[in-house]
Amino acid sequence: MTTSTVPQNLQDVRQKISAAAERCGRAPEEITLLAVSKTKPVTAIEDAIAAGQRAFGENYVQEGVEKILYFRQTHQDIALEWHFIGPLQSNKSRPVAEHFDWCHTIDRLRIAQRLSEQRPDTLPPLNVLLQINISREESKSGILPDELPALAASVAALPNLRLRGLMAIPAPEADHQRQLAVFRRMYDLFQQLQADHAHVDTLSMGMTDDMAAAIEAGSTLVRIGTAIFGARDYGATARNA
Ligand SMILES: *Cc1c(COP(=O)(O)O)cnc(C)c1O
């Protein structure tokens, strides 16, 4: 039997979160660790659950829904939280509305309206984040900062969604100070949004390679895949986004 590295990796990541938080005078509990399990088998997720992890992020609708249904069957007594963090097409919104707890990638009103219409009455509102194209990359998902107030107002008015905050995937950047500058722009937008909307409490930013800078700038949720589950093999899993 091979020994999973997932529990040790999780412990290392939690320690890094605590260290980054303490360096800038924040409480580690302010930062949620989202384990990004896309392309990884359910056995890897089981190892993470056994090590106490409860929140998981998935990028592909069908793969994510299959995992959610599997764990609802096999781990009925453990409350897991599932976050959709991939690009979302209109024609794939229904399974997200019906099965996920969060969606991080809202970048147009039409998608938000569909998710609200399709959210079953038996479930609490779907928690949503607006995705900001903070690096202003051509061909990248997310709205530009100027578009935020209008989209936020429309999304906040939808009955079956709860606007919880913002998410960003900045362009890869190795230098800590430059990472920090981009994340600080996100934090400013987050504070503006908080001033206008009561339920806003979540700033989703920071991945394996820029987690420390994100926490320093005020992230409340880091999305970590590689550092927990190892490198991804995209050839191994069918693409169903
Ligand atoms: C894959 C992915 C992550 C995790 O990235 P790592 O670098 O493996 O930690 C985080 N956020 C999003 C939106 C992703 O697609």
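This is a chat between two people about a predicted model of a protein with a ligand.

Colleague: Hi! Let's start with the ligand. How many residues surround the ligand, and which are the closest?

Modeller: There are 13 residues around the ligand. The closest are Lys38, Asn59, Thr208, Arg223 and Thr226. Keep in mind that this is a predicted model.

Colleague: What does the side chain of arginine 223 do there?

Modeller: An N or O atom in the side chain of arginine 223 sits 2.8 Å from a nitrogen atom of the ligand.

Colleague: And which atom of the ligand does threonine 226 meet?

Modeller: An oxygen atom of the ligand, which is 2.5 Å from a polar side-chain atom of threonine 226. Arginine 232 has a contact too: an N or O atom of its side chain is 2.8 Å from an oxygen atom of the ligand. Taken alone, the ligand exposes 390 Å², and the protein buries 91% of that.

Colleague: Back to arginine 223. Which strand is it in, and which way does it point?

Modeller: Arginine 223 is in strand S8, residues 221-224. Leu221 and Arg223 point one way, while Val222 and Ile224 point the other way. In general, side chains in a regular strand alternate between the two faces of the sheet.

Colleague: Are those four S8 residues buried or exposed?

Modeller: All of them are buried.

Colleague: How does strand S1 run relative to S8?

Modeller: Strand S1, residues 32-36, runs parallel to S8, and 4 bridges join the two. Leucine 34 stands opposite arginine 223, and leucine 33 stands opposite valine 222.

Colleague: What about S1 and S2, how many bridges there?

Modeller: S1 and S2 pair over 2 bridges, also in the parallel sense. Alanine 35 has phenylalanine 56 in S2 as its bridge partner. S1 is mostly covered, with 4 of its 5 residues buried.

Colleague: New topic: helices. How far apart are the end C-alpha atoms of H7, and what span should its residues give?

Modeller: Helix H7 covers residues 176-196, which is 21 residues. At 1.5 Å a residue they should span 30 Å, and the end C-alpha atoms are 31 Å apart, so the two values agree.

Colleague: Nice. What caps the N-terminal end of H7?

Modeller: Aspartate 175 does: one of its side-chain oxygens lies 3.3 Å from the backbone nitrogen of glutamine 177.

Colleague: Which residues of H7 are buried?

Modeller: They are Gln179, Leu180, Val182, Phe183, Met186, Leu189, Phe190 and Leu193. As a rule, an α-helix has 3.6 residues a turn, so residues three or four places apart point the same way. You can try following that pattern along the helix.

Colleague: And what covers those buried residues?

Modeller: The cover includes strands S5 (126-132), S6 (161-168) and S7 (202-204), along with helices H6 (148-156) and H8 (211-217).

Colleague: Can we do H3 as well? What span should it have?

Modeller: H3 runs over residues 61-74, so its 14 residues should span 20 Å at 1.5 Å a residue. Its end C-alpha atoms are 20 Å apart, which agrees. The buried residues of H3 are Val61, Glu63, Gly64, Val65, Lys67, Ile68 and Phe71. Their cover includes helix H2 (42-50), strand S2 (55-58), strand S3 (81-84) and helix H4 (93-99).

Colleague: Now some single residues. Is glutamine 118 buried or exposed?

Modeller: Glutamine 118 is buried, because its relative accessible area is 9%, and the cut-off for buried is under 20%. This residue is in helix H5, residues 109-118. Its side chain makes a polar contact with the side chain of serine 93, at 2.7 Å. Not counting residues up to four places away in sequence, glutamine 118 touches Ser93, Arg94, Ala97 and Glu98.

Colleague: What about glutamine 8, how accessible is it?

Modeller: Glutamine 8 has 45% relative accessibility, so it counts as partly exposed. You'll find glutamine 8 in helix H1, residues 6-23. Its C-alpha atom is separated by 8.4 Å from that of isoleucine 228, although the two residues are 220 residues apart along the chain.

Colleague: Which side chain has a polar atom by the backbone oxygen of isoleucine 228?

Modeller: That of asparagine 9, with a polar atom 2.9 Å from that oxygen. Asparagine 9 is also found in helix H1, and it is buried, with a relative accessible area of 18%. Leaving aside neighbours within four places in sequence, asparagine 9 is in contact with Ala227 and Ile228.

How values were computed
Residues are numbered from 1 along each chain as its sequence is written. This is a predicted model: local features need pLDDT of at least 70, side-chain atom pairs count only at pLDDT 80 or more; totals for chains, interfaces and linings use all residues. Side-chain values use heavy atoms; hydrogens and water are left out. The expected span of a helix is 1.5 Å times one less than its number of residues. Buried means under 20% relative accessible area, exposed over 50%, partly exposed in between (1.4 Å probe, protein chains only). Contact means heavy atoms within 4.5 Å. A polar contact is a pair of N or O atoms within 3.5 Å; within protein, one must be able to donate a hydrogen and the other to accept it, and residues adjacent in sequence count only if both atoms are side-chain atoms. Two strands pair if DSSP finds at least two bridges between them. A residue is near a molecule or strand if one of its heavy atoms lies within 4 Å of it. Accessible areas come from the Shrake-Rupley method with a 1.4 Å probe; for residues, only the protein chains shown count as cover.
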